[in-house]
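Please open the model in your viewer and keep the sequence panel beside it, so that each selection can be followed in both.

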Amino acid sequence: MAEKELQAKAKAEAPAKGERVRPGRVFLPAVDIFETPEALVMVADMPGVAADKVTVDLRDNHLVISGEVAAPLGQGETMVDQEYFTGDFIREFQLGSLINQAKIEAVMKDGVLRLVLAKVERAKPRKIAVKAA
Amino acid sequence: MPIIFREPGPTQDPLRELEQLQHRMDRLFQGGFGVERSPWQVGVYPLVNLSEDRDHVYVRAELPGVKAEDLEITIQDNSLILRGERKIAAEEKQVNYQRRERESGFFRRVLALPSRVQPDKVEATCKDGILAIKLAKPEEVKPRKIKVKVA
């Protein structure tokens, strides 16, 4: 990839769905999704979310990833200039390929969630060797 | 600096005046000030929040996945220069992308600080994808309580 300068972008707000108990805004994390022969991998940016504040919920084919952010300001601090807003993250997906629900790996590091969803055996591509008779 | 705005003459057609104004604005946005767009032009990434308390000024930015060694912070007089790179490691295997929303690249930002700071008393931490820079205010700009003496 060519050297490129990053552009500032405001986070997309999550569409409201029912009422939330925690006050504040909710954002959609930016995600990369890719498929390997064995798994479906999701990488989501959730800055400000600690590893123990991430929830990954998979029911049938419905996947929900969410994270709670820590307070943006310390005790006794006042905001002088605010360019970005902070809030929790939530995003939902409908998974197309068949996922092995027992084999899901989630790693949270530096505000980036990496989710590896292993495919079930029969969803994996298989090459069938043709024998010469 | 070229003159951008001029008083319209009393006899001029207002529509024509508007057209001229548009041309001038176009020139302005094309760099009509004679300043070349340099590759090191200061950008606006990352977005930062600035806050303060009695003794410190805090600068925070959301930089998920950016490692401490890819960041460079410089204090110069009243400004803070933030430089770095956000890297997204390439996947080792041949993969099939379905969605790509996360972006990688370089950034450089210069921020004017609300007050002078002590350049030797700066702490920067990167935690959960948030960069937090804590800058100590010098003694003379800190708020001070003055006791009223009873005469």
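Begin by selecting strand S7 (residues 78–82) of chain A together with S1(B), since these two strands run antiparallel and are joined by 4 bridges. Strands here are DSSP runs of E with at least two residues, helices are runs of H or I with at least four residues, and both are numbered from the N terminus; two strands count as paired if DSSP finds at least two bridges between them. Within this pairing, place Met79(A) at the centre of the view, and the residue standing opposite in S1(B) is Ser51(B).

Before going further, note that this is a predicted model, in which local features need pLDDT of at least 70 and side-chain atom pairs count only at pLDDT 80 or more, whereas totals for chains, interfaces and linings use all residues. Residues are numbered from 1 along each chain as its sequence is written, and chains are lettered from A and ligands numbered from 1 in the order in which they are written.

Next, select the residues where the two chains touch: 35 residues of chain B are in contact with 34 residues of chain A, contact meaning that the C-beta atoms, placed from the backbone, lie within 7 Å. On the chain B side, strand S1 (48–52), strand S2 (56–62), strand S5 (96–100) and strand S6 (105–112) each supply at least two residues. Coloured by class, that side of chain B shows 15 nonpolar, 8 polar and 12 charged residues, where Ala, Val, Leu, Ile, Met, Phe, Trp, Tyr, Cys and Pro count as nonpolar, Asp, Glu, Lys and Arg as charged, and the others, Gly among them, as polar.

Now turn to a second place where strands of both chains pair. Strand S3 (residues 31–35) of chain A and S5(B) pair in the antiparallel sense over 4 bridges, and in S5(B) the bridge partner of Phe34(A) is Tyr97(B). Extend the selection to the open sheet of 5 strands, which has antiparallel pairing and the order S9(A)-S10(A)-S4(A)-S3(A)-S5(B). Strand S9 (99–109) of chain A and S5 of chain B stand at its edges, each with a single partner strand, so one side of each is left without a neighbour in the sheet.

Stay with chain A and select S5(A) and S6(A), an antiparallel pair joined by 7 bridges, in which Val49(A) stands opposite Val69(A) in S6(A). Their hairpin has 2 residues between the strands, and Asp60(A) takes a positive phi near 50° there. Most residues other than glycine have a negative phi, and most peptide bonds are trans. Asp60(A) is exposed, with 9 other C-beta atoms within 10 Å; a residue is called exposed if 12 or fewer other C-beta atoms, placed from the backbone, lie within 10 Å of its own, buried if 20 or more do, and partly exposed in between.

Then move to Asp110(A), in the loop between S9 and strand S10 (112–119) of chain A. Asp110(A) also has a positive phi, of about 50°, although it is not a glycine, and it is partly exposed, with 17 other C-beta atoms within 10 Å.

Finish in chain B, which has 1 helix and 8 strands, and of whose 151 residues 19% count as buried. Select the loop between helix H1 (14–29) and S1 of chain B, where Pro46(B) is found; a cis peptide bond, with omega about 0°, joins Tyr45(B) and Pro46(B).
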